[in-house]
Amino acid sequence: MDVFELKNRDISKSECLELFENDDLFFDTLKAADELREEICGDVVTYIINANLNFTNVCNLNCGFCAFKAKPKDENAYFMTPEQVGKKALAARKAGAMEVCVQGGIRKEIDTHLQVEMVKNIRKETAPYGGITIHGFSPMEIHSAAENAGLDLKTAVEMLKEAGLDTTPGTAAEILVDDVRKNLCPGKLSVDEWERTIKTIHKTGIRTTSTIMYGHIENNEDRVEHLFRLKRIQEETGGFTEFIPLTYLHENTPLYRKGIVKSGASGLDDLRMYAVPRLLFKELLPNIQVSWVKLGAKFCQVGLRSGANDFGGTLMEDTISRAAGAKYGTNMEQKKIEECLNQIGRKPQLRTTTYSHVEEAPAKIAVRV
């Protein structure tokens with residue numbers, strides 16, 4: 001196979017699979033993806049100043065990859081009120097965040113009305129300081145909350161949009177193959193339900209990220225099926241802002257403790273997960289993000305020479321990755337991000353959640369003591 005020829009035409013599923021499996025094509029795949037990245041995105045690497053806000057760690061599901069979940073009576077269990085969520089978002093805004101990513105566990109007490117109150121409180125608290133982009137609630141969370149409220153999905157999404165929800169993380173996708181999901185995340189949406197939910201979100205005018213979590217019990221065929229489904233959704237809705245490969249962090253998770261998996265993905269697989277989607281998506285989905293929390297800044301520098309063009313965000317905290325065993329910290333200052341990108345000869349560019357360029361970061365707000 002001439003990998004470089006794939007830059008100029010659509011790729012079949014069999015070709016995509018070969019790129020994942022043929023080690024003889026590995027370096028050509030990275031090189032071709034990097035050349036295509038340069039053609040589409042140039043030497044600019046985007047990033048955002050953002051903060052994660054996980055409002056509860058209590059969850060009714062039993063996902064094999066999750067080390068974050070707590071039971072209601074656990075010592076470490078917590079559940080923020082909408083007012084506490086608003087205050088937490090305000091603290092992020094005062095620290096200079098442009099975006100707050102709001103997510104939590106799945107439980108009966110969480111319905112659309114509660115989500116709306118969270119959004120409204122964030123709006124109210126941050127408005128005097130210029131506001132903040134609310135990037136909130138996975139498709140699973142939105143679907144579950146609508147059911148808990150007795151609402152149809154479209155109505156629930158419209159209520160969230162009216163309250164001020166800007167964008168949504170395209171998480172809870174994991175691997176979009178039902179046979180894998182039955183063992184990996186029983187109780188979560190089926191593939192078709194996830195797709196219907198994400199399409200409803202897009203068609204209501206809310207854009208989302210797209211993700212894959214890989215390196216656990218899936219195989220390369222499953223990865224290909226997942227990527228082609230995302231491609232098809234993007235062709236229909238155009239609602240994805242970016243693609244984010246999320247490598248499975250295994251050390252503290254049930255799958256690893258039970259001996260079902262021995263480790264996560266290899267470093268070669270991590271790089272392929274930037275390169276192959278670049279060759280597959282091309283201009284259709286131009287933004288591919290590295291994850292410094294999961295892989296470390298130096299490895300992400302290599303990822304940015306393997307097809308990726310976005311460095312993600314400052315995060316400020318990432319309790320989910322930390323619980324799973326992340327070792328690279330959960331906060332990276334803007335200056336450190338720019339130093340990391342300058343080291344590899346790339347041009348740092350601050351962006352919004354939807355990838356508009358921003359010339360200057362919002363001012364931090366002094367906190368009175």
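Helices and strands on this tour are DSSP runs numbered from the N terminus, a helix having at least four residues and a strand at least two. The model is a predicted one, and the stops below follow residues and elements that can be selected one after another.

**Serine 138.** Begin by selecting serine 138, which sits in the loop that joins strand 4 (133-136) to helix 5. UniProt, in an unreviewed entry, lists Ser138 together with Ser291 under "binding site". Serine 138 has a relative accessibility of 5% and is counted as buried, because the cut-off for that term is under 20%. If you show its surroundings and set aside residues up to four places away in sequence, serine 138 touches Gln103, Thr168, Pro169, Thr171 and Ala172.

**Glutamate 174.** Next select glutamate 174, in the loop between strand 5 (167-168) and helix 7 (178-184). The unreviewed UniProt entry also has a "binding site" annotation that covers Phe65 and Glu174. Glutamate 174 counts as buried, at 6% relative accessibility, and its side chain makes a polar contact of 2.5 Å with the side chain of lysine 188.

**Helix 6.** Now colour residues 153-163, which form helix 6, and pick out Leu153, Ala156, Val157, Leu160 and Ala163, which are buried. Looking down the axis of helix 6, you will find these buried residues within an arc of 125 degrees, so they line one face of the helix. The partners against which the buried residues of helix 6 pack are helix 4 (112-126), helix 5 (139-149) and helix 8. At the N-terminal end, aspartate 152 caps helix 6, with a side-chain oxygen 3.2 Å from the backbone nitrogen of lysine 154. Following helix 6 comes glycine 164, with a positive phi near 125 degrees.

**Helix 8.** Move on to helix 8, residues 191-203, whose 13 residues reach 18 Å from the first C-alpha to the last, close to the 18 Å expected at 1.5 Å a residue. Its buried residues are Val191, Trp194, Glu195, Thr197, Ile198, Lys199, Ile201 and His202. Just after helix 8, select glycine 205, which takes a positive phi of about 100 degrees.

**The nonpolar cores.** Trp194 leads on to the largest nonpolar core, which has 72 residues and in which Leu19, Trp194, Phe243, Leu279 and Phe311 have the most contacts. Helix 11 (residues 267-281) gives the most to this core, contributing 8 residues. Separate from it is a second core of 27 residues, among them Val85, Phe137, Leu153 and Val157. Return to leucine 279 and display its contacts, which, apart from neighbours within four places in sequence, are Val3, Leu6, Lys7, Ile11, Leu19, Thr29, Ala32, Ala33 and Leu36.

**The loop after helix 11.** Finish in the loop between helix 11 and helix 12 (292-295), starting with isoleucine 288. Isoleucine 288 is buried, with a relative accessible area of 0%. A distance drawn from the C-alpha of isoleucine 288 to that of proline 277 should read 8.2 Å, and the two are 11 residues apart in sequence. Not counting residues up to four places away in sequence, isoleucine 288 touches Phe243, Pro245, Tyr274, Pro277, Arg278, Gly307, Ala308, Asn309 and Asp310. The last selection is serine 291, which lies in the loop between helix 11 and helix 12 and is buried, with a relative accessible area of 12%. With the sequence neighbours up to four places away again left out, serine 291 touches Tyr274, Gly296 and Cys300.

Conventions: Residues are numbered from 1 along each chain as its sequence is written. This is a predicted model: local features need pLDDT of at least 70, side-chain atom pairs count only at pLDDT 80 or more; totals for chains, interfaces and linings use all residues. Side-chain values use heavy atoms; hydrogens and water are left out. UniProt positions are given in the numbering used here, feature names are shortened, and annotations may be inferred rather than shown by experiment. Buried means under 20% relative accessible area, exposed over 50%, partly exposed in between (1.4 Å probe, protein chains only). A polar contact is a pair of N or O atoms within 3.5 Å; within protein, one must be able to donate a hydrogen and the other to accept it, and residues adjacent in sequence count only if both atoms are side-chain atoms. A nonpolar core is a set of buried Ala, Val, Leu, Ile, Met, Phe, Trp, Tyr and Cys residues joined through side-chain atoms within 4.5 Å. Contact means heavy atoms within 4.5 Å. The expected span of a helix is 1.5 Å times one less than its number of residues. The arc is that of the directions from the helix axis to the C-beta atoms.
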